[in-house]
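I opened this model to look up its strands, ring pairs and a few backbone oddities. My notes follow in the order I took them.

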Amino acid sequence: METYRYLHRFPMILILVGLVGVNSQFLIDPQSAEVTQGADHGLECVVNRTYLAGYYFVAWTKDSEVFSARNQIDKVALENINGEDPEDRYTITKIDQGNTGTYKLIIDQVKGVDSGNYQCVICQHPSTSYVCTAITDFKSTVATFNVLYTPSVPEYPECNGLDSSATVSIGTQVEVTCVSEIGDPKVQLQWNKDGVPLLSTVTEREENNRLYLIYTFTAELSHTGMVLSCSSTSSHFTSYSESCSFNALNVVDMPVVATTSRAAEYEEESQTTPVSDYSSDSCASAINKSIKCLQIFGKYLDGN
């Protein structure tokens, strides 16, 4: 009896509780999914349109950043989020039926950059435009969208560290780097010497969605003719196999040209030897020695 009297006195409380419920603004939330690159995929939310009365509209966010207004994609915002031009791959369809509105985000030919956390939100906008000035507390659950993908071809993998001649001096510390997009799942990079995997003296690091495999060695004459290549494979995409390589290594025994200046010796000698002590014979001898040195060095250059 006490319960009846309480409910009879406050009927509006029951009505409000029934309308609000738990996340009653969104009748259907977008669903998390894992998709392989190249497929088309859609994320859908259904909204109770009574919450859109006045200056409110439904927007899509990715990683908490708004990139749409009603059924229009903000390409600039999406490019800033993804880090590249979305290329008209994103579209939104909107269907109103009674008090419900269905908003479907369609992504064509999905790529790795499309992975992220997506959400439907209700935005406030000014009377003159559909620009989201504030995201309200009315939000759908977050849908995690993950794209399985391989690195872009033929851009990756990329071999860096040697020029086209692949020529280095003996004793040089050589560092070569294989660079790739990480991929999902992460690709495996492998440095190879004449087709044989190098299992030591390599280091790996990740930075800005890039994978780096670094191989360091000291050039020896025995390395002449060695071909270094880097291969990239994926545990998920078994048909994926890409590589990059350098031309055959050319290790040269370059001479070390002594730079102890004869001019400095002359300067020191001139400070201790009076000018009167120089004879014409000693001057002629010094000139002949200089000419002989130039002739020997010239022959060396011709031979190399």
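Before reading any sheet, I fixed the pairing rule: two strands pair if DSSP finds at least two bridges between them. I also kept in mind that this is a predicted model.

**Entry 1: a sheet of four strands**

I looked up the sheet that holds β16. It is an open sheet of four strands, in the order β17-β16-β20-β21, and the pairing is antiparallel. I then asked which strands stand at its edges. They are β17 (196–197) and β21 (241–245), and each pairs on one side only.

I followed β17 inward. Strand β16 (residues 188–193) pairs with β17 over two bridges, in the antiparallel sense. Two bridges is enough, because the rule asks for at least two. Within this pairing, Asn192 sits opposite Pro197 of β17.

The loop between β16 and β17 holds Asp194. I checked its backbone: Asp194 is not a glycine, yet its phi is positive, about 55 degrees. Its relative accessible area is 49%, so Asp194 counts as partly exposed. The cut-off matters here, because exposed means over 50%.

**Entry 2: the other sheet of four**

I moved on to the sheet that holds β13. This open sheet also has four strands, ordered β13-β15-β19-β18, with antiparallel pairing. β13 (158–160) and β18 (202–207) are the edge strands; each has a single partner strand, so one side of each lacks a neighbour in the sheet. I noted the twist as well: it averages 20 degrees from one strand to the next.

At one edge, β13 and strand β15 (residues 173–181) run antiparallel and are joined by three bridges. Glu158 faces Val179 of β15 there.

At the other edge I picked Thr203, which belongs to strand β18. Is Thr203 buried, partly exposed or exposed? Its relative accessibility is 47%, and Thr203 counts as partly exposed. I also took a distance from Thr203 to Tyr215. The two are 12 residues apart along the chain, and their C-alpha atoms are separated by 6.7 Å.

**Entry 3: strand β3**

I wanted to know how enclosed β3 is. Six of the eight residues in strand β3 (residues 41–48) are buried, so the rest of the structure largely encloses this strand.

I listed two of its pairings. Strand β1 (residues 26–28) runs antiparallel to β3, with two bridges between them. Ile28 stands opposite Val46 of β3. Strand β9 (residues 100–107) is joined to β3 by eight bridges, again antiparallel. In that pairing, Leu43 is opposite Leu105 of β9.

**Entry 4: aromatic pairs**

I counted the ring pairs next. How many aromatic pairs are there? The count comes to seven.

One of them is Phe67 with Tyr90, which is edge-to-face: 6.0 Å centre to centre, with 85 degrees between the planes. Phe67 lies in the loop between β5 (65–66) and β6 (68–69), and Tyr90 in strand β8 (residues 90–97), so the pair ties together parts that are 23 residues apart in sequence. Phe67 is buried, at 0% relative accessibility. Tyr90 is buried too, at 4%.

Tyr215 and Phe217 make a stacked pair: 5.2 Å between centres, 25 degrees between planes. Both of these residues are buried.

I then looked for linked pairs. Phe67, Tyr90, Tyr118 and Phe145 are joined by ring pairs into a cluster.

**Entry 5: cis bonds and a positive phi**

I scanned the peptide bonds. The bond from Tyr156 to Pro157 is cis, with omega near 0 degrees. Pro157 is in the loop between β12 (143–148) and β13. The bond from Asp184 to Pro185 is also cis, omega again near 0 degrees. Pro185 sits in the loop between β15 and β16.

I added Asp63 to the list: its phi is positive, about 50 degrees, although Asp63 is not a glycine. Asp63 is in the loop between β4 (56–62) and β5. At 39% relative accessibility, Asp63 is partly exposed.

**Entry 6: the second largest pocket**

I closed with the second largest pocket, which holds about 310 Å³ of space. Its lining has 14 residues; Glu84, Gly112, Val113, Tyr149 and Glu181 lie nearest the centre. I sorted the lining by class: three nonpolar, seven polar and four charged residues.

Note on methods: Residues are numbered from 1 along each chain as its sequence is written. This is a predicted model: local features need pLDDT of at least 70, side-chain atom pairs count only at pLDDT 80 or more; totals for chains, interfaces and linings use all residues. Side-chain values use heavy atoms; hydrogens and water are left out. On a 1 Å grid over the protein atoms alone, a cavity is a set of points where a 1.4 Å probe fits but cannot get out, and a pocket is an open set with protein on both sides within 12 Å along at least five of seven lines; lining residues have an atom within 4 Å of a point. Grid points are joined across faces, edges and corners, and a volume is the space filled by probe spheres set on the points. Ala, Val, Leu, Ile, Met, Phe, Trp, Tyr, Cys and Pro count as nonpolar, Asp, Glu, Lys and Arg as charged, and the others, Gly among them, as polar. Axes are lines fitted to C-alpha atoms, for helices over the stretch in contact, and angles run from 0 to 180 degrees between N-to-C directions. Rings of Phe, Tyr and Trp (its six-membered ring) pair if their centres lie within 6.5 Å; planes under 30 degrees apart count as stacked, over 60 as edge-to-face and the rest as tilted. Buried means under 20% relative accessible area, exposed over 50%, partly exposed in between (1.4 Å probe, protein chains only).
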